[in-house]
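Work through the exercises below with the sequence and the coordinates open. Each task is followed by a solution in steps.

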Amino acid sequence: MKRTVKCLVAAALLLACGASRGQSLEDVLKKAVGDKTQQKKDSPAAEDVLGSLLSAAKGPSQEEEIAIGRQIAGNLLGAAPLVKDEQLQRYVNRVGRWVACQSERSGLPWHFGVIESPDVNAFAAPGGYGFVTRGLYGLLGSEAELAGVLAHEVGHVLRKHHLKLLQESRLIDLGGKAIAKQAGDNSAVQKAIGSGAEVAARALDKGAEFEADRIAVVLCTRAGYEPYAFPEVLQLIGHAAKDEGRVALLFRTHPHPDDRMDKLGLAMGDRFDRIKGLSLDKRFYRLKP
């Protein structure tokens with residue numbers, strides 16, 4: 001039995017070698033186990049290890065991802081509720097879903113909202129959740145700028161940045177068993193993600209933030225908005241940096257706006273100069289006093 005487990009662990013470590021020859025992870029693992037698994041079909045422990053490793057590599061299913069995100073979003077809203085303005089929330093959802101429709105994961109049940117917080121920030125949660133604080137929303141001056149902010153959060157969901165952070169931090173069961181069996185049970189999901197429930201407000205690595213910035217520009221352009229609207233938001237945030245109290249959380253969870261502007265400028269080059277998108281500043285929903 002110990003030899004079987006060792007074979008499975010070794011197979012996981014050899015994943016890169018197998019992948020380079022065009023083999024799938026499943027093929028690599030099964031080959032490593034070899035005849036021993038066939039000889040010990042009655043060994044549930046070996047099968048459990050193999051199943052756990054395969055499930056960990058594949059990651060949570062979409063159903064599990066949505067369940068995780070729903071719980072994280074619920075925890076976030078428990079700390080900072082949505083702004084009590086139904087018209088505002090409908091508008092933000094409409095813009096966010098239109099942007100998300102331009103992505104390869106348009107089929108997710110996308111939800112967006114403005115939360116009651118004076119801080120300048122935005123958050124995403126797995127499975128299709130994106131939130132903007134009242135503080136950040138108040139800085140915006142057009143629908144295109146709002147679309148850029150929401151598209152950045154969509155980018156995090158598309159690339160599963162927060163989900164990967166949870167897995168890497170071992171804050172969810174790597175085998176996905178607790179969630180897979182009871183994806184609809186909020187208490188089971190809460191127990192599975194544990195202290196990682198606040199992952200939406202935690203810092204991602206800079207690479208993930210820069211990637212989401214690039215995705216934001218692409219999605220906004222596809223949606224018909226002005227491509228340079230999102231870079232303008234980064235400038236606005238940079239100016240707001242003078243009010244350190246309101247942007248303190250942002251700087252803990254995101255790279256400095258100047259660094260993001262530099263990276264985004266290099267990525268965009270002059271490829272978007274001839275594209276004339278819409279700003280829709282007159283259609284932008286203004287916050288009520």
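## Exercise 1: Arg159 and its salt bridges

Arg159 is partly exposed, because its relative accessible area is 30%. The model in which this residue is examined is a predicted one.

**Task.** Find the residue with which Glu211 forms a salt bridge, and state which elements hold the two partners.

**Solution.**

Step 1. The partner of Glu211 is Arg159, and the closest N and O atoms are 3.2 Å apart. The cut-off for such a pair is 4 Å.

Step 2. Glu211 belongs to helix 13 (residues 206-222), while Arg159 sits in the loop between helix 9 and helix 10 (161-168), so the bridge ties together parts that are 52 residues apart in sequence.

Step 3. Glu211 has a relative accessibility of 22% and therefore counts as partly exposed.

Step 4. The pair belongs to a network of salt bridges that links Glu104, Arg159 and Glu211.

## Exercise 2: Two further salt bridges

**Task.** State how many salt bridges the rule gives. Then classify the side chains of Arg105, Glu65, Arg283 and Glu143 as buried or exposed.

**Solution.**

Step 1. The count comes to 7 salt bridges.

Step 2. One of them joins the side chains of Arg105 and Glu65, with an N to O distance of 2.8 Å. Arg105 is in the loop between helix 7 (86-100) and strand 1 (111-115) and Glu65 is in helix 6 (residues 62-79), so parts 40 residues apart in sequence are tied together.

Step 3. Arg105 and Glu65 are both buried.

Step 4. Arg283 and Glu143 also meet through their side chains in a salt bridge, at 2.7 Å from N to O. Arg283 lies in the segment after helix 16 (257-268) and Glu143 in helix 9 (residues 143-158), so this pair ties together parts that are 140 residues apart in sequence.

Step 5. Arg283 counts as exposed because its relative accessibility is 52%. Glu143 counts as buried because its relative accessibility is 2%. The limits applied are over 50% for exposed and under 20% for buried.

## Exercise 3: Helix 7 against helix 9

**Task.** Describe how helix 7 and helix 9 pack: give the angle, the axis distance, the handedness of the crossing and the residues that meet.

**Solution.**

Step 1. The two helices, 7 and 9, pack at an angle of about 60°, and their axes are 9 Å apart. That angle makes helix 7 oblique to helix 9.

Step 2. Helix 7 and helix 9 cross in a right-handed sense.

Step 3. From helix 7 the residues are Tyr91, Val92, Val95, Gly96, Val99 and Ala100; from helix 9 they are Glu143, Leu146, Ala147, Leu150, Ala151 and Val154.

Step 4. By residue class, this contact of helix 7 with helix 9 has 10 nonpolar, 1 polar and 1 charged. Glu143, which meets helix 7 here, is also the salt-bridge partner of Arg283.

## Exercise 4: Helix 14 against helix 16

**Task.** Which angle and which axis distance describe the packing of helix 14 and helix 16? Which residues make the contact?

**Solution.**

Step 1. Helix 14 (residues 229-240) packs with helix 16 at an angle of about 160°, the axes being 9 Å apart.

Step 2. Angles over 145 degrees count as roughly antiparallel. Helix 14 and helix 16 are therefore roughly antiparallel to each other.

Step 3. The crossing of helix 14 with helix 16 is left-handed.

Step 4. Helix 14 contributes Phe230, Pro231, Leu234, Gln235, Ile237 and Gly238, and helix 16 contributes Pro257, Arg260, Met261, Leu264 and Met268.

Step 5. The residues of this contact of helix 14 with helix 16 divide into 8 nonpolar, 2 polar and 1 charged.

## Exercise 5: Positive phi

**Task.** Where do Lys160 and Leu280 lie? What is phi for each of them?

**Solution.**

Step 1. Most residues other than glycine have a negative phi.

Step 2. Lys160 has a positive phi, near 55°, and lies in the loop between helix 9 and helix 10. With 30% relative accessibility, Lys160 counts as partly exposed.

Step 3. Leu280 has a positive phi, near 55°, and lies in the segment after helix 16. Its relative accessibility of 24% makes Leu280 partly exposed.

## Exercise 6: The chain as a whole

**Task.** How many helices and strands does the chain have, and what percentage of its residues count as buried?

**Solution.**

Step 1. There are 16 helices and 3 strands in the chain.

Step 2. Of its 289 residues, 47% count as buried.

Step 3. Among contacts in the chain with a separation of 6 or more, 73% are between residues 24 or more positions apart.

Note on methods. Residues numbered from 1 in each chain as written. Predicted model: local features only at pLDDT ≥ 70, side-chain atom pairs only at ≥ 80, totals over all residues. Heavy atoms only, no water. Helix = DSSP H or I, 4+ residues; strand = E, 2+ residues; numbered from the N terminus. Buried < 20%, exposed > 50% of the residue type's maximum accessible area, 1.4 Å probe, protein only. Axes fitted to C-alpha atoms, helices over the stretch in contact; angles between N-to-C directions. Parallel < 35°, antiparallel > 145°, perpendicular 65-115°, else oblique. Left-handed = near helix turned anticlockwise from the far one by under 90°. Contact = heavy atoms within 4.5 Å. Nonpolar A, V, L, I, M, F, W, Y, C, P; charged D, E, K, R; others polar.
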